[in-house]
Every structure is written in C-alpha cells, then in structure tokens.
Amino acid sequence: MEEKRANGDSCGNTSNSTDNKSPCNGQSKKKEVRVWCDGCYDMVHFGHANSLRQAKALGDKVIVGIHTDEEIAKHKGPPVFTEEERVKMVKGIKWVDEVVLGAPYVTTLEVLDQHNCDFCVHGDDITMTAEGVDTYHLVKSANRYREVRRTAGVSTTDLVGRMLLLTRNHFRQGSAEYDIEKEGSSNMGQDSAAKSPWTGCSQFLPTTQKIIQFSDGKSPNPGDKIVYVAGAFDLFHVGHLDFLEKAKKLGDYLIVGLHTDPVVNSYKGSNYPIMNLHERVLSVLACKFVNEVVIGAPYCVTEELLEHFKIDVVCHGRTPISLEDGKSDPYALPKTRAIFELIDSGNEMTTERIVERIISHRLEYERRNQAKEKKEIEAFEALQKQKLTQKAG
C-alpha cells in the first residue's frame with residue numbers, strides 16, 4: 001500500500017497522469033486492438049472487402065498483409081494483378097488502416113508480434129500451401145485466430161471463369177433480375193458435381209442489410225461541394241480507384257451512379273458487365289473515396305438527378321463516351337451548365353485489359369483454378385470426416 005500511495009491513489013492514478021483516466025470512474029483508456037488479416041487479394045472484390053469489414057468489427061485497427069507475386073506463384077499459380085496493384089487496391093478499402101507487403105504465406109506468431117497484432121482473422125474457408133498445409137495452423141494452435149463468415153457467391157476463381165467462358169448467366173434483368181442461379185457461372189473444365197464448397201459458386205444473394213453494412217450512411221453536410229460520376233465500374237480495379245480519388249478531390253462528397261446490366265451491355269457488348277449490378281454496388285461502396293451510390297442510375301445525366309442530389313460537379317474519365325441511342329450526349333446538360341469536367345486518372349487499367357490478361361494466360365489460370373478446387377474439395381471432405389468421427393466418439 002505504501003508504494004501505491006507514493007505513486008498514485010488506490011485506483012492507480014498518478015499526480016501527473018493525463019492519458020489514463022481512473023478505472024474507478026469507468027474512464028480507463030482502452031487498449032487498442034489490432035487485427036491482422038492476410039492473403040493474396042488478387043482481383044479484389046466485395047467478398048474481400050466484406051471479410052475486412054467483419055475483421056474491423058472485432059478490433060480498432062485492421063492491418064493487412066499481402067503476399068508477394070513470387071509467393072503466390074509458388075503456392076497458387078500466377079496472380080492476375082501485380083503486387084503493386086494489389087497493395088493499392090487494398091489500401092483503397094474503407095476498413096483498412098495499414099498494409100504490409102511481403103506477408104508470409106503461412107501466418108506466424110512472429111508476424112503478429114512484429115506488427116503488434118492481437119490476433120489474425122480469416123474467412124471460414126480453408127487456405128493451404130502448395131504442400132497442402134493449413135496456412136493458419138500456427139495461429140490457430142496459439143489461440144490467436146478468429147474466423148468470420150466468407151461471403152457466399154463470389155470468388156476470384158468464379159470471376160475468372162466468367163471471363164474465360166464469356167458467360168452471361170450472372171446478369172440480372174427483367175423478370176429474372178432477382179432470380180438465383182442454381183449452377184456456377186463456369187465449371188472450369190470440371191464436372192459440376194465436383195465444385196469446391198468455397199469457390200465454385202455463383203449464388204450471391206443481395207440484401208438491404210448488406211448494402212447498409214457497406215454504406216457509411218452519411219448525408220452531405222450543409223455547404224458541401226457534391227461531385228457525381230457514373231459508369232459500369234465493372235471488376236472494380238486500380239484505374240477506377242485512381243479516377244475516384246481524383247474525383248473526390250474536386251469536392252467534399254462523392255456520389256457514384258451505377259448503370260444497370262442491360263445498359264452496360266448496350267455500350268460494352270459481349271458478356272459485359274462481368275459483375276452484375278448488385279455485385280458492382282458493393283464493390284464501389286467499399287471504396288474509401290465513395291460516399292453514396294445511385295443504383296441503376298440513368299445513362300443520361302438529367303435535370304432531376306442534378307436537382308435531387310444538389311450536384312455541383314459532374315466528372316468523366318478519358319474513356320470514350322457512348323452516345324445514347326447513337327444520338328444524345330449523356331453529359332449534354334452538365335456541359336451546358338459548365339459543371340462538367342474530364343479527369344485523367346493517370347492509370348491505363350481498364351476492365352477490358354483485365355479480361356485480356358486472363359484470356360492471354362487462359363491455360364495457366366484454368367490449371368490454377370482446377371488445382372485449387374481439388375485441394376479445397378479434399379480438405380473439405382477430410383474436415384467432414386473429422387467432424388463425424390468426433391460426433392461418433
């Protein structure tokens with residue numbers, strides 16, 4: 001007791017302490033909980049973002065470790081995006097606080113300690129090394145592992161399949177807009193009965209709850225300068241990210257209008273968009289520069305749109321602008337009002353370029369996806385047997 005009196009009161013306060021309030025009055029400073037997530041983050045989609053959103057809910061800061069191109073090639077096959085592109089994409093997700101390139105493929109206690117992380121978070125699917133080892137076995141054994149629900153219905157494997165086979169069954173339009181596909185968008189050369197339970201599906205179920213979770217729910221403040229952009233934003237990529245960052249700098253509040261699947265298909269052709277409207281909404285909402293999304297925005301910027309959202313600036317990138325019905329400039333009104341600006345993102349990446357990358361390496365990606373699904377199926381079956389054994393015992 002003598003030492004307590006000399007250094008502080010019975011609640012642990014010292015005379016010169018201002019940072020930590022007394023625990024007696026319920027105002028003790030809470031320790032910051034740092035959460036570690038790691039992975040390839042190749043072709044970053046809303047499934048990745050949802051995992052990071054859930055991780056953020058378990059702590060205060062989310063630190064994301066990203067594997068190098070070399071590590072991914074060794075364990076999974078060639079990544080679609082470079083490590084520089086993958087780092088930039090993850091930094092653009094609103095729930096991410098820090099990004100670390102060069103995370104080991106097998107998560108170690110040393111890497112958690114090095115970055116002052118309390119525990120590691122991953123989805124409820126299995127990730128394995130080239131040798132078939134669970135990449136999280138070390139942190140699981142040390143009880144420094146937490147699991148969140150994987151987002152059903154989206155995976156990089158599935159998106160690659162849509163591009164390779166030019167499928168269109170992910171579109172939602174007319175009476176089928178809210179139908180749920182019972183089959184995957186591609187079999188990637190396999191029997192459909194042999195699909196992985198984690199990456200072989202295309203059954204994303206859009207809900208208002210999911211949109212609310214992704215939205216920041218904030219309205220513009222009085223006097224805010226409101227910026228509007230519109231487009232497909234398909235396969236949300238680094239080119240989109242750089243464009244939206246520049247658009248946001250033109251004002252205080254950024255609204256993104258997303259065109260419907262039939263509208264996108266009318267000006268992109270082929271099987272575009274690769275991601276349907278519901279998927280694109282979440283991908284854009286996950287971006288830290290975006291404040292609001294207009295779902296199914298009109299192709300032509302109208303008087304009603306400008307007035308309803310009190311838009312001050314309308315922007316477009318350097319990509320060609322298709323005329324509506326081959327006649328009308330969709331940006332005619334903002335141009336006449338002198339509130340239209342062209343933005344050069346400084347990035348040459350386009351959705352078409354991503355598809356070109358995939359198709360040019362088609363055989364490599366097909367082999368990669370087949371090997372990945374084979375390992376996942378074997379692991380899933382082993383897990384089921386283990387559960388049955390435990391139940392019987």
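A cavity is here a set of grid points where a 1.4 Å probe fits but cannot get out, and its lining residues have an atom within 4 Å of a point. In the predicted model, a search of the whole structure finds six cavities of 30 Å³ or more. The largest cavity has a volume of about 90 Å³. Its lining consists of V44, H45, F46, A49, M89, G92, I93, F236, L241, S283, A286 and C287. Among these lining residues, L241 belongs to the buried residues of helix α9, and S283 to those of helix α11.

The protein chain contains 15 helices and 10 strands. Of its 393 residues, 48% are buried. Among contacts between residues at least 6 apart in sequence, 77% join residues at least 24 apart.

Five strands form an open sheet in the order β8-β7-β6-β9-β10, with parallel pairing. Strands β8 (292–295) and β10 (340–342) stand at the edges with a single partner strand each, so one side of each is left without a neighbour in the sheet. From one strand to the next, the twist averages 25 degrees.

Strands β6 (residues 226–231) and β7 (residues 253–258) pair in the parallel sense over six bridges. Within this pairing, Y228 has I255 of β7 as its bridge partner, and A230 stands opposite G257 in β7. Strand β7 is mostly covered, with six of its six residues buried. Y253, I255 and G257 point one way from the strand, whereas L254, V256 and L258 point the other way, and all are buried.

Helix α9 (residues 238–248) packs on this sheet and touches β6, β7 and β9 (313–316). The direction of α9 makes about 135 degrees with that of β7. The helix is mostly covered, nine of its 11 residues being buried. The buried positions in α9 are V238, G239, H240, L241, D242, F243, L244, A247 and K248. The cover over these residues includes the three strands β6, β7 and β9, together with α4 (83–91) and α14 (351–360).

Helix α11 (residues 277–285) has nine of its nine residues buried, so it is largely enclosed by the rest of the structure. The residues concerned are L277, H278, E279, R280, V281, L282, S283, V284 and L285. The N-terminal end of α11 is capped by N276, a side-chain oxygen of which lies 3.1 Å from the backbone nitrogen of H278.

The loop between α11 and β8 holds N291. The relative accessible area of N291 is 13%, and because the cut-off for burial is under 20%, N291 counts as buried. The side chain of N291 makes a polar contact with the side chain of K248 at 3.3 Å; K248 is itself one of the buried residues of α9. The N291 side chain also reaches the backbone nitrogen of L254 at 2.7 Å, and L254 is a buried residue of β7. Leaving aside neighbours within four places in sequence, N291 is in contact with D216, K248, D252, Y253 and L254. Through the contacts with K248 and L254, the loop residue N291 touches both α9 and β7.

How values were computed:
Residues numbered from 1 in each chain as written. Predicted model: local features only at pLDDT ≥ 70, side-chain atom pairs only at ≥ 80, totals over all residues. Heavy atoms only, no water. Pairing = 2+ DSSP bridges. Helix = DSSP H or I, 4+ residues; strand = E, 2+ residues; numbered from the N terminus. Axes fitted to C-alpha atoms, helices over the stretch in contact; angles between N-to-C directions. Contact = heavy atoms within 4.5 Å. Buried < 20%, exposed > 50% of the residue type's maximum accessible area, 1.4 Å probe, protein only. Polar contact = N/O pair within 3.5 Å; in protein donor to acceptor, adjacent residues only side chain to side chain. 1 Å grid on protein atoms, 1.4 Å probe; cavity = no way out; pocket = protein on both sides within 12 Å on 5 of 7 lines; lining within 4 Å. Points joined across faces, edges and corners; volume = space filled by probe spheres on them.
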